[in-house]
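I wanted to go through this structure one piece at a time and write down what I looked up. These are my entries.

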Amino acid sequence: MEHDWARCEGILEALLEQMKIPDAIKVALEQVKAYLPTFEYYHPEVTWSRELLNLMESGQVIERPASFPVYGEGFPSPGSNGFIEALALVKSAIRHQHEPQVCIDLASGAIANSIGARRYEYWARKYPSDWDISLRLDAGEENLPPMESQYLRDPQVQKYTEDLWTLLANIIQDRLEV
């Protein structure tokens with residue numbers, strides 16, 4: 001699946017281009033919101049993410065919340081930084097909805113980041129010792145034990161990711177047929 005990621009993104013963009021811009025944004029919002037319960041599980045103290053998504057769903061003009069993290073400031077939980085990037089991308093897509101190609105590119109990026117966040121969190125949940133090793137590697141530790149999984153190329157992770165992409169394609173196809 002990893003080698004098919006770019007292909008999936010290309011298909012996603014082509015599908016989104018067939019939709020009306022508000023519908024494409026709605027799909028992006030739904031996909032980003034799919035990670036929200038996981039983010040809130042890891043970071044129950046953070047409330048602005050739900051508030052921001054609710055504002056975006058209501059169509060209100062959105063300014064950057066004061067508590068929105070500065071780019072590069074991360075959350076130490078699996079997938080959460082991809083979720084933050086997805087939030088920023090969907091917010092930009094809304095802002096650029098009068099520029100169809102820019103909007104579609106941003107919405108597609110938001111969706112891909114959301115799927116990536118869910119995939120990464122699934123891997124970390126399935127292989128917590130590997131998640132710990134990856135954190136220690138990021139911190140510069142050496143001589144760590146080998147990971148038991150094949151990281152994101154792990155067959156179970158790939159199947160999970162494939163299922164996410166397939167579900168998304170079905171959602172878009174259903175909406176295009178209406």
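**Entry 1: α6 and α7**

I started with the pair α6 and α7, which are roughly perpendicular to each other. The model is a predicted one, and I kept that in mind for every value below. The two helices α6 and α7 pack with their axes 5 Å apart, at an angle of about 110 degrees. An angle from 65 to 115 degrees counts as roughly perpendicular, so the label for α6 and α7 follows.

Next I listed the residues that meet. From α6 they are Tyr120, Trp123, Ala124, Arg125 and Lys126, and from α7 they are Pro128, Asp130, Trp131 and Ser134. Sorted by class, the contact of α6 with α7 has 5 nonpolar, 1 polar and 3 charged residues.

**Entry 2: serine 134**

I then picked serine 134, which sits in helix α7. Is serine 134 buried or exposed? Its relative accessible area is 8%, and serine 134 is therefore buried, the cut-off for buried being under 20%.

Not counting residues up to four places away in sequence, serine 134 touches Tyr120, Trp123 and Met147. Tyr120 and Trp123 are also on the α6 side of the contact between α6 and α7. I also looked up the distance to alanine 117: the C-alpha atoms of serine 134 and alanine 117 are 15 Å apart, with the two positions 17 residues apart in sequence numbering.

**Entry 3: the loop between α7 and α8**

Helix α7 covers 128-138 and helix α8 covers 155-177, and asparagine 143 lies in the loop between them. Serine 149 is in the loop between α7 and α8, and tyrosine 151 is there too.

I took serine 149 first. Serine 149 counts as buried, at 10% relative accessibility. What does the side chain of serine 149 join in a polar contact of 2.6 Å? The partner is the side chain of aspartate 130. Aspartate 130 is one of the α7 residues that meet α6. The side chain of serine 149 also reaches the backbone nitrogen of tyrosine 151, at 3.1 Å. Leaving aside neighbours within four places in sequence, serine 149 is in contact with Trp123, Tyr127, Asp130 and Asp154.

I checked backbone angles next. Most residues other than glycine have a negative phi. Tyrosine 151 is not a glycine, yet its phi is positive, about 60 degrees. Asparagine 143 also has a positive phi, near 55 degrees.

How accessible are these two residues? Asparagine 143 has a relative accessible area of 80% and is exposed. Tyrosine 151 is at 29% relative accessibility and counts as partly exposed.

**Entry 4: α2 and α6**

I went back to α6 for its contact with α2. Helix α2 is residues 21-33 and helix α6 is residues 100-126; their axes come within 8 Å and cross at roughly 20 degrees. Angles under 35 degrees count as roughly parallel, so α2 and α6 are roughly parallel to each other. The crossing of α2 and α6 is left-handed.

On the α2 side I noted Ile21, Ala24, Ile25, Val27, Ala28, Gln31 and Val32. On the α6 side they meet Pro100, Cys103, Ile104, Ala107, Ala110, Ile111, Ser114, Ile115 and Arg118. By class, the contact of α2 with α6 has 13 nonpolar, 2 polar and 1 charged residues.

**Entry 5: isoleucine 111 and isoleucine 172**

Isoleucine 111 is in helix α6. Its relative accessible area is 0%, and isoleucine 111 is therefore buried. Leaving aside neighbours within four places in sequence, isoleucine 111 is in contact with Leu12, Leu16, Val27, Ala28, Gln31 and Leu168. Val27, Ala28 and Gln31 are among the α2 residues that meet α6. The C-alpha atoms of isoleucine 111 and leucine 89 are separated by 8.8 Å, and these two residues are 22 residues apart along the chain.

My last residue was isoleucine 172, in helix α8. Isoleucine 172 has a relative accessible area of 0% and is buried. Which residues is isoleucine 172 in contact with, leaving aside its neighbours within four places in sequence? They are Leu12, Leu15, Leu16, Met19 and Val27. Leu12, Leu16 and Val27 are also contacts of isoleucine 111. Aspartate 4 is 168 residues from isoleucine 172 along the chain, and their C-alpha atoms are separated by 19 Å.

Technical notes:
Residues are numbered from 1 along each chain as its sequence is written. This is a predicted model: local features need pLDDT of at least 70, side-chain atom pairs count only at pLDDT 80 or more; totals for chains, interfaces and linings use all residues. Side-chain values use heavy atoms; hydrogens and water are left out. Axes are lines fitted to C-alpha atoms, for helices over the stretch in contact, and angles run from 0 to 180 degrees between N-to-C directions. Helices (H or I, at least four residues) and strands (E, at least two) are DSSP runs, numbered from the N terminus. Angles under 35 degrees count as roughly parallel, over 145 as roughly antiparallel, 65 to 115 as roughly perpendicular and the rest as oblique. A crossing is left-handed if the near helix is turned anticlockwise from the far one by less than a right angle, and right-handed if clockwise. Contact means heavy atoms within 4.5 Å. Ala, Val, Leu, Ile, Met, Phe, Trp, Tyr, Cys and Pro count as nonpolar, Asp, Glu, Lys and Arg as charged, and the others, Gly among them, as polar. Buried means under 20% relative accessible area, exposed over 50%, partly exposed in between (1.4 Å probe, protein chains only). A polar contact is a pair of N or O atoms within 3.5 Å; within protein, one must be able to donate a hydrogen and the other to accept it, and residues adjacent in sequence count only if both atoms are side-chain atoms.
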